[in-house]
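Hi everyone, thanks for making time this morning. I'd like to walk you through a structure I've been looking at, so let's put it up on the screen.

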Amino acid sequence: MIARVEVQPGRYHDSVRLMQASKVLQELPGIADALVAMGTELNLSLLADMGFDADAAAGAGPNDLLLAVRAENDQVMEAARLALEAALSAKPVASGGLDGPEPRTVGSVAARSDANVALLSMPGEHVFVEAMDALDAGLHVMIFSDNVPLEQEIALKAAASNRGLLVMGPDCGTAIVGGVGLGFANAMQPGPVGIVGASGTGIQELCCLLDDADVGVTHALGTGSRDLSESVGAVSTLQALSALDTHPPTELIVVISKPPAASVAARVRGAAAACSTPTVVTFMGETTIEEGAAEVLMRLGVPEPAYRSWDSGGGPVRQGTIRGLFSGGTLRDEARFIAMAEVGEVGTVETADGHCFVDYGDDEYTKGRAHPMIDQTVRLDRLAAAADDATIGVILMDVVLGYGANPDPASELTPMIQRATDAGAAVVVSLCGTRGDPQGRDEQAAALNGAGASVWLSNAAAAREAVRVFAATNGGTT
Amino acid sequence: MSDLDQLLDTEASVAAVGTEMLAAAIDQQGAAVHRADWQPPTPGTAAALARLAAGGSTAEANSTALTRMLAVRPQLTDVSTAIEVIPGMTERTFLHAGPPLEWERASGPTRGALIGALIYEGLAADPSEAEAIAAAGEIELSPCHHHSAVGPMAGVTSASMPVAVVEDAAGDGVAYSTLNEGLGKVLRYGAFAAEVIERLRWMQEVLGPVLGAALRSRGPIGLQSLIAQALQMGDDGHNRNRAVTSLFLREIGGALVDGADAPVTDRKAVFEFIDGNDHFMLNLVMAAGKLGSDAAAGVAASSLVTVMARNGTDFGVRLSGTGDAWFTAPAPPVDGLYLGAFTEDDASPDIGDSTITETVGLGGFAMAAAPAIVGFVGGTAAGAVRRTLAMYEITLGEHPAYQIPMLEFRGTPVGIDAALVVRTGIRPQINTGVAGKVPGTGMVGAGLVEAPMECFTEGITALAERLE
């Protein structure tokens with residue numbers, strides 16, 4: 001086995017393309033391990049975790065391309081090099097002839113098309129300039145990227161509202177506009193509910209529960225994780241609320257958010273109360289998404305279903321704490337809220353003692369990597385560690401389906417889930433998906449279930465199950 | 001109905017820029033998606049770009065600057081003498097192309113042209129005396145661009161030279177340029193042999209006065225429409241000026257016959273000189289460009305490029321919003337084809353004010369209009385179209401008069417935005433001649449060159465600092 005670590009300074013590719021390139025390499029015969037990523041701190045530490053010589057990458061920064069390959073021999077290494085170049089130079093869109101080069105900026109693509117909304121997912125430090133391009137061209141903007149400076153978000157939202165345009169984001173994972181899912185979005189049938197959400201997975205979980213009750217949506221407008229902070233002042237939430245209020249097909253509005261700043265919460269509640277359309281406000285920390293969905297269904301006169309689940313069959317489970325491995329921040333928060341009521345303190349960082357629920361979609365884990373709903377590398381690494389950690393009894397994790405997400409997350413997760421269940425840990429999966437999702441919700445559930453996990457469509461129900469199993473195996477002590 | 005209501009009532013058409021997977025997810029839903037080949041901006045410019053975008057005034061300033069650039073109506077009104085018309089000109093002033101320069105750093109062609117001009121002006125008897133005078137600092141070197149003037153290649157302009165006077169029919173701007181000497185051993189390429197000096201004297205004594213008289217008798221010649229027609233006849237306005245020169249001869253022909261009080265042999269010689277020089281109109285196209293460039297200058301917060309110019313040592317750029325500042329980088333070598341036995345080892349780095357044509361939407365920016373020159377500068381016709389199309393990515397508008405038949409009469413890309421250059425990494429494309437690096441050699445080839453990125457990154461950084 002030979003290993004090679006190389007740094008190519010100043011060569012940039014987006015994180016998804018790099019993940020796909022890594023995957024191409026890993027699937028080559030004779031390759032034991034491969035990492036193709038930008039040289040962020042996270043990726044450098046991953047390099048060390050994978051047993052590569054980290055010194056060979058010393059000095060690499062986030063603008064430098066990091067290549068690490070462990071191969072059987074020199075021929076395989078050379079094949080890997082060629083495959084990598086091919087994977088990185090493949091263009092998603094053909095160009096040539098009189099069409100000229102692809103547009104390079106948002107301004108250019110707006111000028112050359114009839115686009116009415118821009119979906120931006122470049123690294124956060126570069127978002128502002130492109131978003132201003134979009135607003136100048138009269139486009140609404142959804143900013144999927146995180147790591148956008150707060151003052152830039154404030155400036156963008158001010159510029160947009162002056163122009164009558166909506167900025168969804170930054171850090172807006174999900175929107176559904178006129179039936180088209182942007183970012184991570186589940187396939188939803190048309191229906192009477194309009195959603196305004198400052199939380200991507202909050203919107204997705206709500207969609208997932210409504211879909212199981214056979215209720216559809218008009219639009220789901222994301223606003224970005226910081227919209228309900230004091231400094232941003234809910235600019236986008238209030239705009240979206242007012243637009244949905246005057247949108248005839250929307251019969252009921254739901255506002256869903258992570259815990260907002262108190263003064264902003266009051267303003268949003270005031271605006272919601274003033275709407276002529278019935279409006280449900282769901283702030284995490286006060287209620288759960290499941291409770292929000294229940295209120296929506298009640299207002300619509302639709303009975304709340306028993307949300308689907310796939311039982312593990314229940315074998316003996318080893319004693320130990322609950323470890324939460326989440327890709328959705330709001331799903332983590334909801335689960336933690338429920339668990340804390342039963343088991344006491346639940347930490348949110350990997351170094352916490354005792355129960356600990358970590359959001360791997362947080363900035364800290366996404367610098368220079370794709371979101372864990374796409375790239376499960378970090379979560380798989382932590383899942384393997386949890387499987388081998390005898391102090392952990394229950395592993396609670398979300399799996400988010402829908403457009404934009406990993407095309408087959410279960411196939412990557414099942415070997416590790418099997419390893420965990422074989423070792424006596426319980427694995428509880430919160431599966432966020434709808435019947436129409438391209439991954440096939442029920443097939444994904446069956447695969448996860450087949451590896452020994454219990455699978456729950458409601459995240460709150462999954463959290464309750466994790467607590468139940470913990471209590472049952474630890475004799476009710478915490 | 002607000003824009004936001006409209007979004008809720010119409011189908012989403014998405015400009016998806018960044019991660020390809022998110023664009024593909026929209027494709028997967030069967031919805032309209034438009035992609036861009038986005039790349040991070042040139043390293044070190046992100047903060048300056050954000051400051052420009054946040055200032056809120058740059059877009060409007062750029063629109064103002066571009067409108068001014070496009071509003072000029074250049075017309076050739078007269079041919080006079082440099083010392084009589086060019087502001088700040090003295091008997092010891094020698095204008096040169098590009099950003100400011102000292103003799104010590106001057107390139108071969110610039111030195112050669114200065115030597116020739118010193119001999120031509122009678123200030124030096126021979127090359128060694130000329131070099132000694134220049135080295136002793138006994139002459140004033142100053143960029144053409146500081147004097148409402150432009151000069152191709154070395155661009156050396158001295159007191160006695162005849163100069164074209166190009167005035168703005170829609171404003172009060174005036175621009176000047178020398179008259180073009182033809183190809184081969186000529187002063188602007190740094191040649192200073194006796195035949196070069198002799199031609200310059202004939203231009204001073206015959207060409208200038210005859211053309212001046214003809215123009216005064218017939219009245220001004222509008223240059224914009226001549227250039228616009230020429231683009232539809234295969235010119236690019238920089239490296240190919242055959243059509244526009246022919247059109248000019250048709251315009252001036254009658255007045256050469258009866259408008260100038262000169263011997264018929266002189267009038268015939270003038271006709272034949274212009275007829276024999278496919279580049280005669282280059283200098284006038286440049287002066288027309290200089291009018292637009294000067295009109296666009298001085299708009300606070302504008303990142304529009306008003307000047308790109310080189311002197312064989314440095315490549316210099318000026319922006320509308322950064323006053324008199326030059327942003328310079330070493331002049332790059334030209335990727336070209338060479339005449340006869342010359343090779344790239346004989347070539348001077350990029351030189352001349354003729355890049356004023358690219359600054360106003362001609363030359364490399366209009367290359368799609370000039371398939372005939374692509375072989376000359378080493379390319380293909382399809383490549384020429386692609387090069388022009390790429391320039392739309394870094395320009396603020398399309399020229400209302402200069403159109404490209406091949407592109408369905410689309411206006412040429414015009415108004416280079418330095419911010420777009422650093423954002424896209426696409427550098428302005430220039431068609432150019434190549435001068436020999438040894439003083440006295442003359443022209444050695446022609447080719448393509450791209451403006452150095454440093455000029456634009458420095459310019460954007462300086463502009464952002466001004467906004468603070």
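**A walk through the model**

Let's start inside: the largest cavity is lined by 16 residues, and Val156(B), Met161(B), Thr178(B), Leu179(B) and Glu181(B) are the ones nearest its centre. Please keep in mind that this is a predicted model. The volume of that largest cavity comes out at about 140 Å³. Its lining divides into 8 nonpolar, 6 polar and 2 charged residues. Across the structure there are 8 cavities of 30 Å³ or more.

Now, hold on to Thr178(B), one of the residues nearest the centre of that cavity, and let's move to a residue that touches Thr178(B), namely Pro152(B). You'll find Pro152(B) in the loop between strand E6 (149-150) and strand E7 (162-168) of chain B. Is Pro152(B) buried or exposed? Pro152(B) is buried, because its relative accessible area is 3%, and the cut-off for buried is under 20%. Leaving out neighbours within four places in sequence, the contacts of Pro152(B) are Thr178(B), Arg188(B), Leu282(B), Asn283(B), Met286(B), Gly352(B) and Asp353(B). If you go 14 residues along the sequence from Pro152(B), you get to Val166(B), and the two C-alpha atoms are 16 Å apart.

Let's turn from the cavities to the pockets. The second largest pocket has a volume of about 960 Å³, and 37 residues line this pocket. Which residues lie nearest its centre? They are Gly107(A) and Asp133(A) from chain A, and Leu396(B), Asp417(B) and Leu420(B) from chain B. As for the elements that give two or more residues to the lining, chain A has helix H4 (106-111) and helix H5 (127-136), while chain B has helix H3 (46-55), helix H4 (58-71), strand E15 (395-404) and helix H15 (418-424). The largest share, 5 residues, comes from H4(B). By residue type, the lining of this second largest pocket holds 16 nonpolar, 11 polar and 10 charged residues.

Strand E15 of chain B takes us to our next stop, since Ile404(B) is found in that strand. Ile404(B) is buried, with a relative accessible area of 0%. What does Ile404(B) contact, leaving aside its neighbours within four places in sequence? The list is Phe365(B), Ala366(B), Ala368(B), Ala369(B), Thr388(B), Tyr392(B), Phe409(B), Arg410(B) and Thr412(B). One of these, Thr388(B), is 16 residues away along the chain, and its C-alpha sits 9.8 Å from the C-alpha of Ile404(B).

Staying in chain B, have a look at helix H6, which covers residues 108-120. H6(B) has 13 residues and reaches 18 Å from its first C-alpha to its last, close to the 18 Å expected at 1.5 Å a residue. How many of its 13 residues are buried? The count is 12, so you can think of H6(B) as mostly covered, given that buried means under 20% relative accessible area. Among the buried ones are Gly108(B), Pro109(B), Leu114(B), Ile115(B) and Tyr120(B). After H6(B) comes Gly122(B), with a positive phi near 75°.

Over to chain A, where I picked out two threonines, each in a loop. Thr40(A) sits in the loop between strand E2 (31-38) and helix H2 (41-49). Thr40(A) is buried at 8% relative accessible area and, not counting residues up to four places away in sequence, touches Pro62(A), Lys367(A) and Gly368(A). Thr288(A) is in the loop between strand E12 (279-283) and helix H10 (289-300). Thr288(A) is buried too, with a relative accessible area of 5%. Beyond its neighbours within four places in sequence, Thr288(A) is in contact with Thr282(A), Glu334(A), Phe337(A) and Ile338(A).

Finally, let's zoom out to the domains. The assignment for chain A gives domain 1 (2-89), domain 2 (106-300) and domain 3 (309-473). The C-alpha centres of domain 2 and domain 3 of chain A are 26 Å apart, and 27 residues of domain 2 are in contact with 35 residues of domain 3. For chain B, the assignment gives domain 1 (1-38), domain 2 (60-68 + 297-467) and domain 3 (72-285). There, the C-alpha centres of domain 1 and domain 2 lie 34 Å apart.

That's my tour, and I'm happy to go back to any part of it.

Definitions and conventions:
Residues are numbered from 1 along each chain as its sequence is written. Chains are lettered from A and ligands numbered from 1 in the order in which they are written. This is a predicted model: local features need pLDDT of at least 70, side-chain atom pairs count only at pLDDT 80 or more; totals for chains, interfaces and linings use all residues. Side-chain values use heavy atoms; hydrogens and water are left out. Helices (H or I, at least four residues) and strands (E, at least two) are DSSP runs, numbered from the N terminus. The expected span of a helix is 1.5 Å times one less than its number of residues. Buried means under 20% relative accessible area, exposed over 50%, partly exposed in between (1.4 Å probe, protein chains only). On a 1 Å grid over the protein atoms alone, a cavity is a set of points where a 1.4 Å probe fits but cannot get out, and a pocket is an open set with protein on both sides within 12 Å along at least five of seven lines; lining residues have an atom within 4 Å of a point. Grid points are joined across faces, edges and corners, and a volume is the space filled by probe spheres set on the points. Ala, Val, Leu, Ile, Met, Phe, Trp, Tyr, Cys and Pro count as nonpolar, Asp, Glu, Lys and Arg as charged, and the others, Gly among them, as polar. Domain bounds come from an automatic or database domain assignment. Contact means heavy atoms within 4.5 Å.
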